[in-house]
Amino acid sequence: MLNIGINLGFGKLDENLTDEEMYHGEIDLAVRSEVLGYDSVWAVEHHFSDYSMCPDNLLMMANIAGQTKEIKLGTGAVIVPWNDPLRVAEKALMVDAISKGRLLLGVGRGLSRKEYVPFRIPLEETRDRFDEASAMIFEAVESGTIEGEGPYYPQPRTELRPGPRGSFVDRRYCVAGSPDSITSAVNLRARLMSFIVRPVPDLMGNFNTYREKYEEQHGEVAPPICLNVNMYCHEDDGLAQERHFEYISRFFHSNVDHYEMAGDHFATTKGYERYADGAKRIREAGLQGAADKYAETALWGNPERILGQIEEIRDVLGDFEIIVAPCFGGMPYDQARDSLELFAREVMPKARSLNGKRASVAA
């Protein structure tokens, strides 16, 4: 059965919205998602700008845990180099205990210079920092002890309290888009989480590489690919298109600004070279042209159209999980709530049956 979750973005692109109103709008979506039957709710980690402001997604998950009973709680993702691995492991174990085993622990490396500079970490160090710390974290939440030999995180062997209440082996996620990130996800025995910025057929090279490497290294079929995608659902297909393209365009412009996605620095930054191709495409297409192409990769329209889009993904990708972002680009929360509810009522029951079968790549 297809697992369907929601992702909270914490963007404040409506200048009339206060920070506090934004937080309560996001939390309201999270709590509603359990009532509506979604499988999981996720939160990003971002700092220092209105693009997105959730500096501690494990703290946010603890809040949501106290207002829900069954829905899974995901970090999408803890950006590992911005955090001490000991503290990540401690907080993850605490949230898992509070929520009675509902935590899905997702990790990522991060990309934005605007966030890395205040943390005083050179982009060139992020790959090595991520690989060192993420391995420590996943081992710690499994065993209840953490240790490391450095060089970035030398850590004496320490017992963590609270201890593990259950295994995280099937609850590990890793955001990955570049070849080295895919290798990291496989090494961590984590599920591949991908934020969809291009059509799924264009991403199958990466997805197949992950599946092949996972099966070769671990001797078993890789778990489902986890897709994060923007979604706007409305019964009026024309109105859905109008609103979706308006909000997704605003979100895309904010995204490009935050990540400097059209910049030329990626080509000369160790570990980020593959983003240079994307930056080149944005410069060639123009910002609005690139925004329109990005909008086409999302889920939008009336329930029938969106169901067809999900079926198309299944036909190309096979088994997968999907996490929809219901509020973006300054979308009013009442519109996001209506969209989330309509999707749950009209799309989700039928979409549950659309997951593909797990297949061996080697075979």
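Is E90 buried, partly exposed or exposed? With a relative accessibility of 25%, E90 counts as partly exposed. The close-ups below take a friendly tour of this predicted model, starting with that residue.

**View 1. E90 and R87 pair up within helix 3.**
A salt bridge joins E90 to R87, and their closest N and O atoms are 2.8 Å apart. Both residues belong to helix 3, which covers residues 85-98. They are three residues apart, about one turn of the helix. R87 is also partly exposed, at 43% relative accessibility.

**View 2. A salt bridge connects D170 with R191.**
Here the side chains come together with an N to O distance of 2.7 Å. D170 sits in the loop between strand 9 (154-159) and strand 10 (172-175), while R191 is in strand 11 (residues 191-195), so the pair links parts that are 21 residues apart in sequence. The two partners have contrasting surroundings: D170 is exposed, with a relative accessible area of 53%, whereas R191 is buried, at 10%.

**View 3. R32 reaches E341 across the sequence.**
The side chains of R32 and E341 form a salt bridge, 3.0 Å from N to O. Because R32 lies in helix 1 (residues 19-36) and E341 in helix 12, this pair ties together parts that are 309 residues apart in sequence. R32 is partly exposed, with a relative accessible area of 30%, and E341 is partly exposed too, with 25%.

**View 4. The R32 and E341 pair belongs to a network of salt bridges.**
Step back a little from the previous view to bring in D28 and R337, which are linked with R32 and E341 in this network. For context, the structure holds 24 salt bridges.

**View 5. Helix 11 crosses helix 12.**
Helix 11 spans residues 303-317 and helix 12 spans residues 333-351. Their axes come within 10 Å and cross at roughly 40 degrees, which means that helix 11 is oblique to helix 12. The crossing of these two helices is right-handed.

**View 6. Side by side, helix 11 and helix 12 share a contact.**
On the helix 11 side, the residues to look for are P303, I306, L307 and I310. They meet L342, F343, E346, V347, K350 and A351 in helix 12. How many of the residues in this contact are nonpolar, polar and charged? Eight are nonpolar, none are polar and two are charged.

How values were computed. Residues are numbered from 1 along each chain as its sequence is written. This is a predicted model: local features need pLDDT of at least 70, side-chain atom pairs count only at pLDDT 80 or more; totals for chains, interfaces and linings use all residues. Side-chain values use heavy atoms; hydrogens and water are left out. Axes are lines fitted to C-alpha atoms, for helices over the stretch in contact, and angles run from 0 to 180 degrees between N-to-C directions. Helices (H or I, at least four residues) and strands (E, at least two) are DSSP runs, numbered from the N terminus. Angles under 35 degrees count as roughly parallel, over 145 as roughly antiparallel, 65 to 115 as roughly perpendicular and the rest as oblique. A crossing is left-handed if the near helix is turned anticlockwise from the far one by less than a right angle, and right-handed if clockwise. Contact means heavy atoms within 4.5 Å. Ala, Val, Leu, Ile, Met, Phe, Trp, Tyr, Cys and Pro count as nonpolar, Asp, Glu, Lys and Arg as charged, and the others, Gly among them, as polar. A salt bridge is a side-chain nitrogen of Lys or Arg within 4 Å of a carboxyl oxygen of Asp or Glu. Buried means under 20% relative accessible area, exposed over 50%, partly exposed in between (1.4 Å probe, protein chains only).
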